[in-house]
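Here are some exercises to work through with the coordinates open. Try each task yourself before you read its solution.

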Amino acid sequence: MRRRFATLDVFTDRRFAGNSLAVVLDAQALDAAAMQAIAREFNHPETVFVFSPADPAHRARVRIFTPARELPFAGHPTVGTAVLLGARDGGGGDIMLEEGIGAVRCTVESTSGGGSARFAIPQLPTEAGPAADDAAIAAALSLAPDDIGEGRPARWSAGLPFTFVPIASLAAMARCRPDLAKFDAAFGAGAAVYVFCKETVEPGHHFHARMFAPGMGVPEDPATGSAAAAFTGLLARRLSDGTHALVIEQGYEMGRPSLIRLTAEVAAGRLLSASIGGNAVIVTEGTIEA
């Protein structure tokens, strides 16, 4: 059966930057094994499969796969799918996507060939257990212990757990390389690691980030919305009360510059709500036999 698909570049307003995404629009009757095989064939960081929603008031039910496994939630697939469906619907507005984590509300603005979307994070982040010691983490990232920045590494999840590692400088960020012989011992099998620093490539941005998840089939990710969602839990303890709008740059070391826009509302050091947003552009459209 021929099934329609589109590819997009997400968290960017120009093609061939940002984080690539495939969206299969006619996914009915595909089982998990077939979807995993198609995700491996596309070999993008994630591939989305669109189904009819369980709730007719919602726009779609979606399933998200990396080349190695299914995810209950991910940020750039949420933004990219919302932009694509908004463009196909001929406008913007609010839509609901049913993901493994639950219903996710997205606000879409459509433009010619793409648009932007923002979603309220469906699950407030929680701490996900202790991180390994600095020496083990540094070694697993091919760094020296003094390359670890201010504050201890920490594990947080907003549906998908990440280890967050502060890095002292952009120069140290550029040297980060997962050492696969030490990675699982430091972070756990199939783990995802988000390294960040306050020094940025471009002025006006707040954080520079990289994300590594080799056990998920993602050696490095150009933009990671689910990590940004979990990052809000760590940041809330460092932010004053009020609403904060932050920009995270990612993917620069890969030649895929991406911008993730994060909004967090904080009171008494606690995160009350957060949203993740960004642009996306449609790159290709076609059919796949599956």
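**Exercise 1.** Find which residue of β14 stands opposite M211, and describe the hairpin around that pair.

*Solution.* Step 1: look across from M211, and you meet D221 in β14. Step 2: place the strands, where helices (H or I, at least four residues) and strands (E, at least two) are DSSP runs, numbered from the N terminus. Strand β13 covers residues 207–213 and strand β14 residues 218–221; they run antiparallel and are joined by two bridges. Two strands pair if DSSP finds at least two bridges between them. Step 3: inspect the turn. Four residues lie between the strands of this hairpin, and G217 takes a positive phi near 85°.

Before going on, a word on the model: it is predicted, so local features need pLDDT of at least 70 and side-chain atom pairs count only at pLDDT 80 or more, while totals for chains, interfaces and linings use all residues. Residues are numbered from 1 along each chain as its sequence is written, and side-chain values use heavy atoms, with hydrogens and water left out.

**Exercise 2.** Check the length of helix α2 against its expected span, then work out how covered the helix is.

*Solution.* Step 1: the expected span of a helix is 1.5 Å times one less than its number of residues. Step 2: α2 has 15 residues (75–89) and should therefore span 21 Å; its end C-alpha atoms are 21 Å apart, which agrees. Step 3: apply the burial classes, namely buried under 20% relative accessible area, exposed over 50% and partly exposed in between (1.4 Å probe, protein chains only). Twelve of the 15 residues of α2 are buried, so the helix is mostly covered. Among them are G75, H76, P77 and L85. Step 4: step past the end of the helix, where G90 follows with a positive phi near 85°.

**Exercise 3.** Which residues does R59 contact, and is R59 buried or partly exposed?

*Solution.* Step 1: locate R59 in the loop between β3 and β4. Step 2: its relative accessibility is 29%, so R59 counts as partly exposed. Step 3: list the contacts (heavy atoms within 4.5 Å). Leaving aside neighbours within four places in sequence, R59 touches P53, L85, D89, I95 and M96. Step 4: look for a polar contact, that is, a pair of N or O atoms within 3.5 Å; within protein, one must be able to donate a hydrogen and the other to accept it, and residues adjacent in sequence count only if both atoms are side-chain atoms. The side chains of R59 and D89 make one of 2.8 Å. Step 5: compare sequence with space. R59 and D94 are 35 residues apart along the chain, and their C-alpha atoms are separated by 9.5 Å.

**Exercise 4.** Trace the pairing of β6 with its partners β4 and β7.

*Solution.* Step 1: β6 (residues 93–99) is mostly covered, with five of its seven residues buried. Step 2: β4 pairs with β6 in the parallel sense over two bridges, and A60 has L97 as its bridge partner there. Step 3: β7 (residues 102–111) pairs with β6 in the antiparallel sense over seven bridges. L97 has V104 as its bridge partner in β7. Step 4: a hairpin joins β6 to β7 through two residues.

**Exercise 5.** Count the aromatic pairs and classify the one formed by F49 and F65.

*Solution.* Step 1: rings of Phe, Tyr and Trp (its six-membered ring) pair if their centres lie within 6.5 Å; planes under 30 degrees apart count as stacked, over 60 as edge-to-face and the rest as tilted. The count comes to eleven aromatic pairs. Step 2: the ring centres of F49 and F65 are 5.7 Å apart and their planes stand at 90°, so the pair is edge-to-face. Step 3: F49 lies in strand β3 (residues 46–51) and F65 in strand β4 (residues 60–65), so the pair ties together parts that are 16 residues apart in sequence. Step 4: at 0% relative accessibility, F49 counts as buried, and F65 is buried at 2%.
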